[in-house]
Amino acid sequence: MDITVTAFGIAKDIIKNKEVIISLPSDRSVGALRSLLSNKYPEFEKLASLKFAVNADYVEDGHELKAGDEVVLIPPVSGG
Amino acid sequence: MDITVTAFGIAKDIIKNKEVIISLPSDRSVGALRSLLSNKYPEFEKLASLKFAVNADYVEDGHELKAGDEVVLIPPVSGG
Amino acid sequence: MLNKEELIRYNRQIILPDFGVEGQEKLKKASVLVIGAGGLGAPNLMYLAAAGIGRIGIIDFDEVSLSNLHRQVLFKTSEIGQSKAEVAKGRLSELNPTIDFVTFNSPITSSNALDIINDYDVVVDGSDNLPTRYLVNDACFFLGKPLVYGAIFRFEGQVSVFNLIDEKGLKGPNYRDLFPTPPPPELVPSCTEGGVIGVLPGIIGSMQANEVIKVVTGIGETLTGRLFLFDALDMTSRTLNVKHQPSNPLTGDHPELTELIDYEAFCSGSDEGRQIVEISPRTLMEKMAKGSPFILDVREDYEYEISNIGGVLIPLNQLNDRLGEIPNNEEVVVMCKTGGRSKKAIDLLFKSGFKDLVNLKGGILAWRHEIDPTLKVY
Amino acid sequence: MLNKEELIRYNRQIILPDFGVEGQEKLKKASVLVIGAGGLGAPNLMYLAAAGIGRIGIIDFDEVSLSNLHRQVLFKTSEIGQSKAEVAKGRLSELNPTIDFVTFNSPITSSNALDIINDYDVVVDGSDNLPTRYLVNDACFFLGKPLVYGAIFRFEGQVSVFNLIDEKGLKGPNYRDLFPTPPPPELVPSCTEGGVIGVLPGIIGSMQANEVIKVVTGIGETLTGRLFLFDALDMTSRTLNVKHQPSNPLTGDHPELTELIDYEAFCSGSDEGRQIVEISPRTLMEKMAKGSPFILDVREDYEYEISNIGGVLIPLNQLNDRLGEIPNNEEVVVMCKTGGRSKKAIDLLFKSGFKDLVNLKGGILAWRHEIDPTLKVY
């Protein structure tokens with residue numbers, strides 16, 4: 001199952017794109033997606049504590065993803 | 001078939017709501033929706049020349065509406 | 001081309017990905033005309049001057065007034081009564097003295113629009129009335145200038161980019177693809193009539209300045225072919241795709257417009273095609289010297305208290321209930337602050353059977369300008 | 001309660017549906033603390049002062065510098081080197097002399113935050129660093145004050161409202177529901193490091209001021225429980241729903257935070273827990289009087305040209321290629337403008353095997369402040 005991940009802020013720099021498509025294996029949890037991203041983009045590991053939003057709602061790592069889900073990753077931003 | 005119409009600007013004042021649901025008869029064109037609105041809200045007739053947008057695209061009066069379409073009405077706004 | 005001081009001043013945007021010194025030099029070489037130094041004009045002018053646009057034209061014939069200051073943050077309370085364009089230039093030069101500012105203290109009209117606009121690369125529409133919006137759109141179309149559009153009403157705003165030429169050399173849609181013909185004036189309330197939340201032009205005007213920067217530098221995606229709608233009340237927005245419409249009289253199937261027209265007449269076309277008779281302050285004064293014309297002042301109590309010319313006060317929203325106080329056997333001169341509300345009053349009176357109605361052109365502000373400069377401005 | 005002049009000044013918003021004189025009186029009775037008078041602070045302060053907020057607190061310990069002026073539109077070029085809070089107060093009083101302004105020229109810290117914030121109804125976060133953002137969030141939570149959050153990075157912005165109590169008396173989510181713990185500092189670039197398009201704080205800061213007005217007057221729907229994300233590059237936005245998270249240390253299942261903590265330490269937690277040693281300008285001067293410490297200046301060429309204290313210049317982005325020019329058998333004092341880039345340089349040097357590294361706290365700006373006021377500011 002393919003999931004589209006949209007990145008904001010510094011996460012966009014790390015995945016080098018505003019959007020990236022990730023193929024999920026049998027484990028379809030947000031936590032599994034998090035591990036896949038860390039494997040693919042080593043820098044991503046440093047953002048490990050961050051939350052994911054799925055279809056406009058913040059979710060926990062146990063949340064199961066469905067086909068067509070839109071995942072958004074938002075790191076903190078400090079500028080003023 | 002029911003169609004949700006979202007109104008901006010002075011059109012919101014005329015239909016007295018940001019959103020209104022209109023039941024379309026057999027004729028499902030944008031032109032038919034325009035007539036229905038004018039019957040229901042007499043003031044609306046004065047906005048008769050305005051365009052409708054359907055699902056984020058500007059359309060002509062001949063455009064056929066489908067169930068679930070989102071219709072948006074935007075009158076000109078002059079303020080600065 | 002950028003000197004050392006400029007490299008420091010603009011450093012925070014020069015270090016942006018895809019921006020660089022090159023982007024900054026494009027801004028420095030660019031010229032932008034901002035039409036209207038009011039609510040939308042203020043953030044446009046501040047952020048374009050701050051960003052380093054080389055030459056900025058400011059066109060506004062109006063003077064600062066007290067009721068501007070809840071949203072027109074360029075001005076000081078002590079500057080009430082002064083030229084907006086000149087005050088803006090002074091303030092902006094203090095922010096960024098490296099910019100070349102050019103001011104126009106007169107209205108933009110069908111006679112001067114092409115000459116003025118022709119000197120600039122990009123035009124910003126921050127005007128406050130429909131005739132000017134159609135005029136500026138048509139003039140920019142004829143001259144092939146990109147136009148960054150913004151407009152506000154109460155809590156809502158609109159932003160778009162018109163006439164932009166894409167990489168294939170095709171010109172993008174314009175204002176007449178959105179709104180081919182204007183509705184009757186009473187359905188297009190200005191900020192004076194419909195009100196506006198003061199911070200809204202801050203949001204919408206800043207978005208316009210952002211589009212200007214993208215048009216000039218070529219980075220990002222502008223709003224060409226898209227209309228951005230924003231509602232400050234619930235922070236929702238919506239983007240509509242706009243295409244060339246067959247009915248557009250400039251670019252459609254039957255392009256009948258080949259030159260600028262009379263935009264006041266175009267936008268005032270009332271239901272019955274009825275024209276409102278207007279009187280100048282000077283002619284009214286001559287009338288007053290000869291007799292006692294009935295002058296109906298439709299402003300609010302507190303406005304009347306500040307300054308008046310001796311008319312009978314019936315605020316616009318009480319008019320319907322107080323028709324009996326107005327004579328229907330003689331001419332009635334109707335007046336307000338600038339001549340807008342008085343037109344509405346005339347429409348209302350006409351529908352109630354009054355016939356001999358005359359509008360004081362430009363309201364008490366014009367009277368002050370032409371007849372009595374000692375009147376207090378507000 | 002509103003006088004005649006106020007009725008005129010705020011007329012355009014008083015006539016708004018659901019706003020009225022009542023809404024205006026709520027603004028007049030309200031007090032708002034704006035933390036940071038920089039990029040976000042400028043539009044917040046201008047539009048809140050213009051809108052008629054009765055008392056406005058301005059907290060900023062910084063001075064105006066040249067590289068602020070591409071986005072911090074409150075200031076004049078001639079005011080470089082002056083206190084931002086004081087300059088802001090002066091400018092805003094000219095815009096609206098009826099407002100009561102209170103300035104704080106010192107940093108907000110764990111020791112003073114509760115006292116300062118307690119005096120205000122609403123707080124605006126316009127700060128430029130993560131420790132302050134967590135501090136302000138926690139302090140507002142402990143005091144039950146609504147916090148209007150805004151942050152910017154390059155072309156992107158975020159807005160939300162925290163701690164707002166709804167009609168059922170329930171307190172809305174806060175910053176720690178969005179970002180429970182900070183990532184390492186190198187992944188949270190400031191405007192100085194990551195850059196920012198100048199007009200972006202105009203858009204985001206104005207949106208914050210709009211949220212403040214809704215919080216105070218009760219009209220419309222605020223962003224409580226929602227995070228608004230905005231991308232100026234393509235004018236797309238997105239709104240995410242935020243709920244209380246079980247992991248929130250203030251409100252979650254195990255609320256372990258009961259008072260303010262050391263936020264600098266909390267946010268600097270580097271991988272190895274390594275602390276960077278810092279030196280004050282005075283101590284460095286004493287060192288220089290006794291010998292010749294190796295001072296590494298990692299600013300850009302043009303910054304060094306404007307003012308320097310005689311250090312060896314290797315700009316941060318050339319550091320990796322010029323490690324051979326740095327001694328590894330003695331202490332190296334690393335410096336930049338304010339102390340941020342020099343920390344990055346120390347991280348890089350540490351990873352390359354250098355050990356005896358010291359950071360000049362506050363950079364050349366602190367040096368100018370404490371040691372040599374004749375140095376040119378930029």
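Colleague: Let's start small: which helix of chain D holds Glu6(D)?
Modeller: Bear in mind that this is a predicted model, where local features need pLDDT of at least 70, side-chain atom pairs count only at pLDDT 80 or more, and totals for chains, interfaces and linings use all residues. Residues are numbered from 1 along each chain as its sequence is written, chains are lettered from A and ligands numbered from 1 in the order in which they are written, and side-chain values use heavy atoms, with hydrogens and water left out. Helices (H or I, at least four residues) and strands (E, at least two) are DSSP runs numbered from the N terminus. With that numbering, residues 4–9 of chain D, Glu6(D) among them, make up helix H1.

Colleague: Is Glu6(D) buried or exposed?
Modeller: Buried means under 20% relative accessible area, exposed over 50%, and partly exposed in between (1.4 Å probe, protein chains only). Glu6(D) has a relative accessible area of 7%, so the verdict is buried.

Colleague: And which side chain does Glu6(D) meet in a polar contact?
Modeller: Contact means heavy atoms within 4.5 Å, and beyond its neighbours within four places in sequence Glu6(D) touches Met1(D), Ile14(D) and Lys28(D). A polar contact is stricter: a pair of N or O atoms within 3.5 Å where, within protein, one must be able to donate a hydrogen and the other to accept it, and residues adjacent in sequence count only if both atoms are side-chain atoms. At 3.0 Å, the side chain that pairs with Glu6(D) this way is that of Lys28(D).

Colleague: Zooming out, which residue of chain C comes closest to the rotation axis?
Modeller: A turn of 180° with a shift of 0.0 Å along the axis lays chain C on chain D with an RMSD of 0.2 Å (least squares on the C-alpha atoms of residues with pLDDT of at least 70 in both copies). The two copies are thus related as by a two-fold rotation axis. Going by C-alpha, the residue of chain C that gets closest to that axis, at 2.5 Å, is Ile203(C).

Colleague: How much area do chain C and chain D bury between them?
Modeller: The contact draws 72 residues from chain C and 73 residues from chain D. The copies meet through the same surface, because 100% of the interface residues of chain C are also interface residues in chain D. Buried area is the accessible area (1.4 Å probe) that two parts lose on being put together, summed over both. Carbon and sulfur atoms carry 64% of it here, and the total is about 6400 Å².

Colleague: Which element gives the largest share of the side of chain C that touches chain D?
Modeller: Across this interface, 31 residue pairs are in polar contact (both at pLDDT 80 or more). Several elements of chain C supply at least two residues each, including helix H4 (41–51), helix H10 (200–217) and strand E7 (226–231). The top contributor, with 10 residues, is H10(C).

Colleague: Which residue of chain D forms a salt bridge with Glu305(C)?
Modeller: Side chains of opposite charge can pair when their charged atoms come close. The rule for a salt bridge is a side-chain nitrogen of Lys or Arg within 4 Å of a carboxyl oxygen of Asp or Glu, and chains C and D share four of them. In one, with its closest N and O atoms 3.1 Å apart, Glu305(C) pairs with Lys4(D).

Colleague: Turning to chain A, which residues of chain D lose the most area to it?
Modeller: This contact takes 45 residues from chain D and 28 residues from chain A. It buries about 2900 Å², with 55% from carbon and sulfur atoms. On the chain D side, 21% of the buried area comes from three residues together: Glu156(D), Leu187(D) and Arg238(D).

Colleague: What is the N to O distance in the salt bridge of Arg154(D) and Asp13(A)?
Modeller: Arg154(D) counts as buried at 17% relative accessibility, whereas Asp13(A), at 33%, is partly exposed. Across the interface of chain D and chain A there are six salt bridges by the rule. For Arg154(D) and Asp13(A), the N to O distance is 2.7 Å.

Colleague: Where does each partner of that pair lie?
Modeller: Their salt bridge is between side chains. The pair joins two chains, since Arg154(D) lies in the loop between E5 and E6 of chain D and Asp13(A) in residues 10–15 of chain A, helix H1.
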